[in-house]
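I set out to record what could be looked up in this structure, entry by entry. The notes are kept in the order in which I worked.

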Amino acid sequence: MKTKRYFRTRIIALFGVGLTVIIIMWKNVSNSKNQFDVFQKRETNLTVVGQTFGIQRFEDIACVKFQGRLGNLMMEYVFLYVIAKMKHLYPVVPENSELFQIFNIEKTTLTAIGKSADSCAKLPVYKERWGLSYDEKLHAIPPYKGVQFDGYFQSWKYWIKYENEIRKLLRFKNPITQKAFTQMRDIIDKMKFEVNKESVIVSIHIRRGDYATEGHYKYGKLTPNETYYANAMQYFKTRHNNILFVVGSNDIDWSKKALAREKNVYYSTGNSPAEDIALLSLANHTIMSVGTFGWWIGWMAQGTSIFYKNIFRPQSDFAKEFRNNSIDDFVYPGWIPME
C-alpha cells in the first residue's frame, strides 16, 4: 500500500534539517511503503478521526473483555472499533485503559455517555471460537443491539475492509512519535550508518520471556531460535548492501548472544512497550518473532516482514486456537514465512 507525503515542513520544524535529510533519503529507498511517511501522516492528521462515534448517535453499546498486554489490547480495540461501526453501536473502552495514553483515539467510555459501570456486564456475551483465527459468527450478530465479546480477536480478517481507517486510528501520541524519530536519528549517528539511496534499516523483534518457559512450551507455544534470526537476516543481506539492524527484545542478553556474529546491529533498551513499537516500526523492513507485539510492528512498518512459521507445536492445546491448524487468519497477507 502506498502512502502519501504530508507536510514535510513540520518535520523540519520538529527535528531539524539533519533528520529531514535522512527522511528524504529513506524515501528514495525502493520500498515505497516507507514507515516515515506513515508516521508523518499520523502526526499531521491528529483530528481526522475526531468524534467518530459521538454521544447521541448510538443508544446501545458494544463491549469487549479487554485482556492481555499492549499487543492484545490493540487487537481487541481494533475489533471493537470495527464491529461497533458495522453494527451501529457505541464502543466501550475501560475508563483507565492505557490505550488512551498511547494513541490519539476517542475516549469512548461509559462515563462519556452517562451509563453505569455495570452496563457491559448486563449484556449477552458472544465468545470467540478460536483465539488466533477469524470467527465469522461474530460478524453475524444483529445490529443496534447491545453486546459483549469475549476473546482476543487476533485476525486481520475482522477489520481488513477498514484497514486505511485503522492506520489513521492507531496514531501514537506526539511525545511517543517524536521520541521514536529522535531515537532513530541517534541510532544512525551512534552506529555511523551511512545513509544513502541504498540504505535499508531492518527492525528485529525478539520475544523470549514467557514464551521461553517450559509451561508455554507444554501448552504449545514456540519461539524462534538463533537459526531463524540468522536466516531472516541473511534474506535481507543478500538483497541489500547497506543494512542496519535494530533489535528490540524482552531478553537483550539472549539476543546479543544469538546475534553475536552479526554486524551492524543495534540493541534498543529502556523503552516502554509503546515506544519500542513506535521505534521498530520506523524501519523499512521487519523480522518478527511471535505474538501480537511483533505483529503490530510488522503491520505498521509496511515493508517486507518475515515471520516465524512454526507458531505452535502440532497436536498441542495451543494448536486448537488455530482453525484447522492454519495460521492464515493470523498472519497478514504477503508476509514471508521462515524457520
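The entries below go from the whole chain to a sheet, a loop residue and a pair of helices.

**Entry 1: the chain as a whole**

I noted at the outset that this is a predicted model. I looked up the secondary structure and found twelve helices and ten strands. I then asked what share of the 339 residues is buried. Buried residues make up 58% of the chain. I also looked up the contacts with a separation of 6 or more, and residues 24 or more positions apart account for 72% of them.

**Entry 2: an open sheet**

I turned to an open sheet of four strands and asked in which order they lie. The order is E2-E1-E4-E3, and the pairing is parallel. At the edges I found strand E2 (90–92) and strand E3 (125–127), each of which pairs on one side only. Neighbouring strands of this sheet are turned by 25 degrees against each other on average, with direction ignored. I reminded myself that strands of a sheet pair through backbone hydrogen bonds, either parallel or antiparallel.

Next I examined one pair within the sheet. Strand E1 (residues 61–64) and strand E4 (residues 147–150) run parallel and are joined by three bridges. Within this pair, I found Val64 opposite Phe149 in E4.

I then asked which strands helix H3 (residues 70–87) touches as it packs on the sheet. Helix H3 touches E1, E2 and E4, and its direction makes about 160 degrees with that of E1.

**Entry 3: Asp135**

I located Asp135 in the loop between E3 and helix H5 (136–139). Is this residue buried or exposed? Asp135 has a relative accessible area of 1%, so it counts as buried, the cut-off being under 20%. I looked up its surroundings next. Leaving aside residues up to four places away in sequence, Asp135 touches Lys127, Glu128, Arg129, Trp130 and Tyr158. With one of these, Arg129, Asp135 makes a polar contact from side chain to side chain, at 2.8 Å.

**Entry 4: helices H11 and H12**

My last entry concerns helix H11 (residues 273–280) and helix H12 (residues 291–301), whose axes come within 9 Å and cross at roughly 35 degrees. I recorded the crossing of H11 and H12 as right-handed. Which residues meet there? From H11 they are Pro273, Asp276, Ile277 and Leu280, and from H12 they are Phe293, Ile297 and Met300. Sorted by class, this contact of H11 with H12 has six nonpolar residues, one charged residue and no polar ones.

Note on methods
Residues numbered from 1 in each chain as written. Predicted model: local features only at pLDDT ≥ 70, side-chain atom pairs only at ≥ 80, totals over all residues. Heavy atoms only, no water. Pairing = 2+ DSSP bridges. Helix = DSSP H or I, 4+ residues; strand = E, 2+ residues; numbered from the N terminus. Axes fitted to C-alpha atoms, helices over the stretch in contact; angles between N-to-C directions. Contact = heavy atoms within 4.5 Å. Buried < 20%, exposed > 50% of the residue type's maximum accessible area, 1.4 Å probe, protein only. Polar contact = N/O pair within 3.5 Å; in protein donor to acceptor, adjacent residues only side chain to side chain. Left-handed = near helix turned anticlockwise from the far one by under 90°. Nonpolar A, V, L, I, M, F, W, Y, C, P; charged D, E, K, R; others polar.
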